[in-house]
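User: Please take a close look at one helix and what surrounds it. Plain terms would help, as I am in my first year.

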Amino acid sequence: MPDLATLKKHAALFDDMGTATGLDLQQQAIDGALALDEVSEAVLRCTKCAHPGQCGKLLATDSIASISPPDYCRNRDLLDYLHEQTI
């Protein structure tokens, strides 16, 4: 099990990636489109990513308005699904 600092880091990366793709993951959870268990699983998937540094750099870029999750993103399918449900 990842330590608390790792979980917090990857929870932030997951939330930031959601925001960068045009999603409000907190609102998705409130609306019931994203279950708390799914959030937990997504954060754990993120902790197993080999590219958190790349992801952080991508998300820190000022020029991003709306991006797609990178190919290496372990939550790409979930984020794409949630995005499709909001259209």
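Analyst: What follows deals with helix H1, its two helix contacts and a cavity.

This is a predicted model, in which local features need pLDDT of at least 70, side-chain atom pairs count only at pLDDT 80 or more, and totals for chains, interfaces and linings use all residues. Residues are numbered from 1 along each chain as its sequence is written, and side-chain values use heavy atoms, with hydrogens and water left out.

Helices here are DSSP runs of H or I with at least four residues, numbered from the N terminus. Two packed helices are described by the angle between their axes and the distance between the axes. An axis is a line fitted to C-alpha atoms over the stretch in contact, and angles run from 0 to 180 degrees between N-to-C directions.

The axes of H1 (residues 4-20) and H4 (residues 52-60) come within 10 Å and cross at roughly 45°. That makes H1 oblique to H4; oblique covers what is left after under 35 degrees (roughly parallel), over 145 (roughly antiparallel) and 65 to 115 (roughly perpendicular). In contact, meaning heavy atoms within 4.5 Å, Lys9, His10, Leu13, Asp16, Met17 and Ala20 of H1 meet Pro52, Cys55, Gly56, Leu58 and Leu59 of H4. These residues divide into seven nonpolar, two polar and two charged. Ala, Val, Leu, Ile, Met, Phe, Trp, Tyr, Cys and Pro count as nonpolar, Asp, Glu, Lys and Arg as charged, and the others, Gly among them, as polar.

With H3 (residues 36-47), the axis of H1 comes within 9 Å and crosses at roughly 105°, so H1 and H3 are roughly perpendicular to each other. Residues of H1 in this contact include Leu13 and Phe14, and those of H3 include Cys46. By class, the contact has eight nonpolar, three polar and no charged residues.

The structure also holds one cavity of 30 Å³ or more. A cavity is a set of points on a 1 Å grid where a 1.4 Å probe fits but cannot get out, and lining residues have an atom within 4 Å of a point. Leu13, Phe14 and Met17 are among the lining residues of the largest cavity, and H1 gives the most to that lining, with three residues.

Note on methods. Helix = DSSP H or I, 4+ residues; strand = E, 2+ residues; numbered from the N terminus. 1 Å grid on protein atoms, 1.4 Å probe; cavity = no way out; pocket = protein on both sides within 12 Å on 5 of 7 lines; lining within 4 Å. Points joined across faces, edges and corners; volume = space filled by probe spheres on them.
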